[in-house]
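Me: I'd like to learn how to read a strand that sits in a sheet with strands from another chain. Can you take me through one?

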Amino acid sequence: MNALAKKYGNKVDILAFPCNQFGHQTNEDNSEFLNTLKYVRPGNDFALAPSITVFEKTDVNGADAHPLFKWLKAAMMIPSDEMVDTKGNGVADPDALILPRGKFGGSTVVLWTPVARSDIAWNFEKFLVGPDGKPVKRYSRYFDTNLIAADIDKLL
Amino acid sequence: MLRVSLLALSSASAYGFAPGNAAAMRSRAVRTAVSPTMSAFYDLSAPKIDGTPSSFSAYKGKPVLILNVASL
């Protein structure tokens with residue numbers, strides 16, 4: 001994400017929404033989130049590129065999902081990645097929603113309701129919106145963020 | 001077997017689900033789902049992590065990449 005931001009500078013805006021709906025992986029307060037990036041993961045005084053805006057912690061799935069994510073998901077119901085299983089999950093990358101998690105006895109844990117077909121599967125799904133405000137493309141968690149450059153170039 | 005599927009077909013068409021109507025149904029469904037939201041991006045807003053309000057109209061004219069992130 002930071003590499004992409006550095007490549008495009010102020011020509012592209014990147015909006016990051018911390019979300020705690022996937023395995024409770026953002027369990028800190030809003031006030032702690034940036035410090036976590038700076039000092040813990042990735043740490044080493046990590047600084048976000050200026051074109052990246054971080055928003056308050058947000059629900060992306062379920063009845064209380066932010067309207068932005070309801071809009072994005074209605075327009076692009078599943079990621080556009082190729083229908084291939086690159087991770088050996090047993091289902092194609094864009095189709096993989098909830099996977100068994102080793103730490104919890106292989107159980108699948110869903111932290112929102114209702115569960116919908118268009119739900120975001122895990123952290124780091126990406127959505128590209130054009131300079132005209134129209135939805136362009138959705139990418140799964142497995143899609144290399146740097147490769148989105150090919151689609152961004154078409155919009156510039 | 002044949003009778004069952006014929007029955008299914010006729011009851012389906014009674015409810016407007018006959019194959020000929022499928023395309024029309026689909027386009028109607030897509031329109032309802034997407035059209036009220038199509039131009040909505042710039043009308044939306046969200047508070048930044050420091051609590052300051054921010055409208056997405058600030059992003060007019062530029063491609064925007066949106067992602068959900070986590071710190072762990």
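Reply: Sure, start with a single bridge: in β1(B), the partner of A:Val129 is B:Val64. Keep in mind that this is a predicted model, where local features need pLDDT of at least 70, side-chain atom pairs count only at pLDDT 80 or more, and totals for chains, interfaces and linings use all residues. Residues are numbered from 1 along each chain as its sequence is written, while chains are lettered from A and ligands numbered from 1 in the order in which they are written.

Me: What makes two strands a pair, and in which sense do β3(A) and β1(B) run?

Reply: Two strands pair if DSSP finds at least two bridges between them. The strands themselves are DSSP runs (E, at least two residues), and helices are runs of H or I with at least four residues, both numbered from the N terminus. Here, β3 of chain A (residues 126-129) runs antiparallel to β1(B), with four bridges joining them. Another of the facing residues is A:Lys126, which stands opposite B:Leu67.

Me: And how many bridges link β1(A) to β1(B)?

Reply: Six, in the parallel sense, with β1 of chain A spanning residues 13-18. A:Leu15 is a handy marker: its bridge partner in β1(B) is B:Ile66, and in β2(A) its bridge partner is A:Thr53. β1(A) and β2(A) are parallel too, over three bridges.

Me: In what order do the strands of the open sheet come?

Reply: Read across, the five strands go β2(A)-β1(A)-β1(B)-β3(A)-β4(A), with mixed pairing. β2 (52-54) and β4 (135-139) of chain A are at the edges with a single partner strand each, so one side of each has no neighbour in the sheet. On average, neighbouring strands are turned by 20° against each other, direction ignored; the axes are lines fitted to C-alpha atoms, for helices over the stretch in contact, and angles run from 0 to 180 degrees between N-to-C directions.

Me: How do I read the two faces of a strand, and which residues of β1(B) point which way?

Reply: In a regular strand the side chains alternate between the two faces of the sheet. In this case B:Val64, B:Ile66 and B:Asn68 point one way, and B:Leu65, B:Leu67 and B:Val69 point the other. Six of the six residues in β1(B), 64-69, are buried. Buried means 20 or more other C-beta atoms within 10 Å of the residue's own; exposed means 12 or fewer, partly exposed lies in between, and C-beta atoms are placed from the backbone. Across chain B, buried residues make up 17% of its 72 residues.

Me: What else is in chain B, and how many residues does each chain bring to the contact?

Reply: Chain B has two helices and one strand, in the pattern α-α-β along the sequence. Contact requires C-beta atoms, placed from the backbone, within 7 Å. By that rule chain B brings 26 residues and chain A 48. On the chain B side, β1(B) gives the most, with six residues.

Me: Which residues touch the most other members of the largest nonpolar core?

Reply: A nonpolar core is a set of buried Ala, Val, Leu, Ile, Met, Phe, Trp, Tyr and Cys residues joined through C-beta atoms within 7 Å. This one has 42 residues, and A:Ala16, B:Leu65 and B:Ile66 touch the most other members. Leaving aside neighbours within four places in sequence, B:Leu65 is in contact with A:Val12, A:Ile14, A:Lys126, A:Leu128 and A:Ile148.

Terms used:
Contact = placed C-beta atoms within 7 Å.
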